Amino acid sequence: MSSMTVADQWRRVRSRLQAELGEATFNSWFKQIDLVGADEGRVTLCVPTRFIRNWIASHYADRLAELWADEDANYARVDIAVSAEPVQPRKAGAEAAARADAAPSGEPRSAQSTVQSAPQSVPQGFEDAGVGAPLDPRFTFDAFVVGKSNELAHAAARRVAEATDVTFNPLFLYGGVGLGKTHLMHAIAWEIRKRHPERKVLYLSAEKFMYQFVRALRFKDTMAFKQQFRSVDVLMIDDVQFISGKDSTQEEFFHTFNALIDHNRQVIISADRSPSDLDGIEERIRSRLGWGLAADIHPTDYELRLGILQAKADEMMQRNGPVAIPGGVLEFLAHRIVSNVRELEGALKRVVAYASLVGRPITTEMTQEVLRDLLRSNDRKITIEEIQRRVAEYYNVRLADMLSARRARAVARPRQVAMYLSKQLTTRSLPEIGRKFGGRDHTTVIHAVRKIDELCQVDSGIEEDVDLLRRMLEGGHGPN
């Protein structure tokens with residue numbers, strides 16, 4: 001079989017896998033997977049880290065084999081190797097051509113040699129003489145409540161904190177305000193401090209990075225700035241979106257980032273959106289931020305919010321003595337406050353403080369009274385226009401296409417998802433929904449709702465997309 005045929009098969013397998021898993025999951029785990037070769041009934045793929053290899057092998061090895069068998073029954077097995085580990089070549093010339101053809105244009109290919117470890121730096125204080133920000137002692141892994149919406153980010157953060165080598169670089173954590181990005185970054189720093197006190201870790205916000213750079217320019221001390229930031233073992237930059245539009249700061253960040261990556265130092269970044277969605281950030285920086293693992297923290301679901309409240313209530317009892325917080329109150333708060341964890345915890349503190357100060361028992365009625373303003377703000381109405389905008393951004397189509405007569409699948413499927421969500425999340429009638437989508441008939445809306453309902457039963461990728469969009473809309477989060 002020709003190498004070109006194998007490469008074509010790999011493209012089709014990737015395409016089917018992406019459709020099944022959805023964009024977020026596919027980009028996190030499969031975007032950097034490459035074809036090495038195929039013969040003797042076996043296909044060999046390559047990923048950049050052992051962590052990704054182990055995860056794919058345990059979750060998707062069988063599915064990869066099934067998809068490839070659908071393309072060519074001669075291949076019954078799929079092996080996954082790590083790029084830093086030598087792979088025994090088979091038919092070297094043909095496989096090199098297959099691999100070159102397999103990687104889509106613009107995608108990073110896995111490196112084929114192990115990066116030499118940088119020399120250990122001299123141990124220094126965590127705050128690095130006032131350059132970095134102090135760490136919050138409350139933000140540890142033990143205090144982080146894990147749920148479906150943040151399990152990938154938590155697992156990746158744990159892996160980076162516990163590893164003795166650099167597993168993926170950079171680790172990019174992203175999600176809406178108050179969902180736990182900063183907590184995870186502090187937890188990583190505390191864990192490294194405990195396990196490897198000799199390693200030099202520098203944590204600060206992007207805003208403080210910019211301030212330090214401007215200060216160095218002002219005092220003509222840029223060499224000291226460069227040395228300070230490029231000599232660390234682990235650099236952690238929080239809220240990197242704040243350097244948007246700051247060209248000089250971006251230039252320095254780019255060179256610092258490259259210098260650390262080249263010397264195999266760990267870089268950890270957080271932002272409120274994915275690398276590809278960072279407006280005002282140079283393309284070369286966005287491209288490099290996507291080299292490693294991008295882990296999304298989704299808006300919380302009810303179970304996770306309830307778990308967080310229970311953990312916070314236990315913490316209050318340990319610190320302040322017995323506090324009588326009925327389970328029904330925690331359930332009420334978990335149902336009603338969906339915006340972010342920070343607001344959720346603040347609401348519980350406010351209720352407990354009020355009960356303590358006025359001497360009233362905590363009840364659901366009292367909670368409603370104390371949090372009247374907060375509950376009102378969370379009872380916002382979801383509009384069809386907002387649904388259209390969110391869905392268009394999620395699927396990367398133009399908003400105008402949602403209203404147009406175009407029938408291409410790349411446009412029609414997002415339009416059907418938006419109609420489905422409009423029926424589920426608003427009180428508008430079917431004719432009203434149809435009019436909002438370019439004057440369509442109500443029967444078109446009925447067909448869209450039935451179609452998405454059917455697809456959710458058989459296509460896990462569509463089900464995941466719809467579930468995520470619903471949570472983004474209900475929680476008021478997502479790309480802006």
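Analyst: Let's start with a rule: two strands count as paired if DSSP finds at least two bridges between them. Keep in mind that this is a predicted model.

User: What makes S4 and S8 a pair?

Analyst: Strand S4 (residues 171-175) and S8 share five bridges, in the parallel sense. The rule asks for at least two, so they pair. One bridge partner to look up is Ile297 in S8, matched with Gly175. S8 itself covers residues 293-297, and four of its five residues are buried.

User: Why is Arg273 called buried?

Analyst: Its relative accessible area is 18%. Buried means under 20%, so Arg273 makes the cut. You'll find Arg273 in the loop between strand S7 (266-271) and helix H10 (283-289).

User: And why does Asp239 get the label "partly exposed"?

Analyst: Asp239 comes in at 21% relative accessibility. Partly exposed runs between the 20% and 50% cut-offs, so that's where Asp239 lands. Asp239 sits in the loop between strand S6 (234-238) and helix H9 (247-262).

User: How do you know that Arg273 and Asp272 make a polar contact?

Analyst: Their side chains come to 2.9 Å. The limit is 3.5 Å, and neighbours in sequence count only if both atoms are side-chain atoms, so this side-chain pair qualifies.

User: What makes the phi of Asp239 worth pointing out?

Analyst: Most residues other than glycine have a negative phi. Asp239 isn't a glycine, yet its phi is near 55°, a positive value. Asn264, in the loop between H9 and S7, also has a positive phi, about 60°.

Key. Residues are numbered from 1 along each chain as its sequence is written. This is a predicted model: local features need pLDDT of at least 70, side-chain atom pairs count only at pLDDT 80 or more; totals for chains, interfaces and linings use all residues. Side-chain values use heavy atoms; hydrogens and water are left out. Buried means under 20% relative accessible area, exposed over 50%, partly exposed in between (1.4 Å probe, protein chains only). A polar contact is a pair of N or O atoms within 3.5 Å; within protein, one must be able to donate a hydrogen and the other to accept it, and residues adjacent in sequence count only if both atoms are side-chain atoms.
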